[in-house]
Amino acid sequence: MTRHGKNCTAGAVYTYHEKKKDTAASGYGTQSVRLGKDAIKDFDCCCLSLQPCRDPVVTKDGYLYEKEAILQYILHQKTEIAKKMKAYEKQKQALKSEGQLESKSEERERAEKFKQRENNIVSKPINPFTSDSCSIMCGSSSSTSSDTGASSSSSALPSFWIPSLTPEAKPTLLKKPSKTVLCPMSGCPLKMSDLISVRFTPLDPSLDRVALLTRQDRYVCAVTKDTLGNSVPCAVLRPSGVVVTMECVEKLIQKDMIDPVTGDKLKEKDIIPLQRGGTGFAGSGVDLKAKEARPVMQA
């Protein structure tokens with residue numbers, strides 16, 4: 001379809017391109033945009049700072065982080081959890097004291113009703129000129145005045161324009177926070193002891209870090225010396241922390257399950273596949289679409 005065919009609005013059919021253009025112009029409906037290669041994180045970049053790692057560490061799920069960034073994240077999450085737990089304990093104590101006050105007020109109301117009921121039982125006529133009758137009359141007048149004061153205070157309306165003070169508003173109760181720190185990428189529990197140091201093998205050891213970062217191909221496999229990138233599946237060996245290609249793992253390392261750098265015996269959990277970004281091509285298997293949810297007008 002040519003450009004003029006897409007922009008033609010004189011047809012009897014509401015085409016897909018017209019609908020897409022109207023959706024973008026109206027501001028309603030969910031929009032999806034395909035991301036390019038510039039919006040994809042490189043395999044050696046931190047998942048938090050999105051910058052090349054100086055001191056890289058990897059989780060057991062294969063997500064790469066800068067050590068300083070992930071430690072700051074864990075400490076921040078622990079601080080937030082402590083604040084939430086403190087607020088929850090404060091709410092718990094407030095609810096407990098409120099329940100005790102309610103129980104005491106109920107007992108007090110029952111006692112007052114019982115006294116009033118007992119005072120209403122008259123066994124002999126009341127002489128208005130005796131002291132007992134005066135005390136009864138004074139007591140009744142004080143009770144009526146207190147009742148009127150209570151009714152006047154209860155008739156005071158709250159600020160109805162504040163949502164939290166409306167009659168239908170209920171206090172939001174805090175849930176008990178979890179004490180577990182979660183990984184920001186996988187959502188699994190994360191501990192400092194689970195972080196594994198990573199050692200990338202530079203392509204040219206003579207280059208300093210600044211010169212190395214300016215190059216597109218920066219690191220190679222520690223065994224086969226193949227260039228690493230987002231298009232090359234790679235893994236981290238737990239004992240030594242070196243990065244090797246998955247092809248090297250399948251063809252060489254899995255035969256005898258020995259770390260080629262340190263010579264230690266490997267287990268299946270010691271081979272951690274490194275999570276990498278996409279390549280910009282649809283065949284990489286990575287979802288490269290960004291969606292923005294907006295209000296939808298329904299007839």
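**View 1. Buried residues of helix 3.** In helix 3, the buried residues (under 20% relative accessible area with a 1.4 Å probe, protein chains only; over 50% is exposed, and partly exposed lies in between) are I70, Y73, I74, I81, M85, Y88 and Q91. They pack against strand 2 (56–58) and strand 3 (64–66). Helices (H or I, at least four residues) and strands (E, at least two) are DSSP runs, numbered from the N terminus. This is a predicted model, where local features need pLDDT of at least 70, side-chain atom pairs count only at pLDDT 80 or more, and totals for chains, interfaces and linings use all residues. Residues are numbered from 1 along each chain as its sequence is written, and side-chain values use heavy atoms, leaving out hydrogens and water.

**View 2. A salt bridge between R218 and D44.** Here the two side chains meet at 2.9 Å, N to O; a salt bridge needs a Lys or Arg side-chain nitrogen within 4 Å of an Asp or Glu carboxyl oxygen. R218 sits in the loop between helix 5 (209–213) and strand 6 (219–220), and D44 in the loop between strand 1 (31–34) and strand 2, so the pair ties together parts 174 residues apart in sequence. R218 is buried at 8% relative accessible area, and D44 is buried at 2%.

**View 3. A salt bridge within helix 6, K251 with E247.** Their side chains meet at 3.0 Å, N to O. Being four residues apart in the helix, K251 and E247 are separated by about one helical turn. E247 is partly exposed, with a relative accessible area of 45%.

Methods. Contact means heavy atoms within 4.5 Å.
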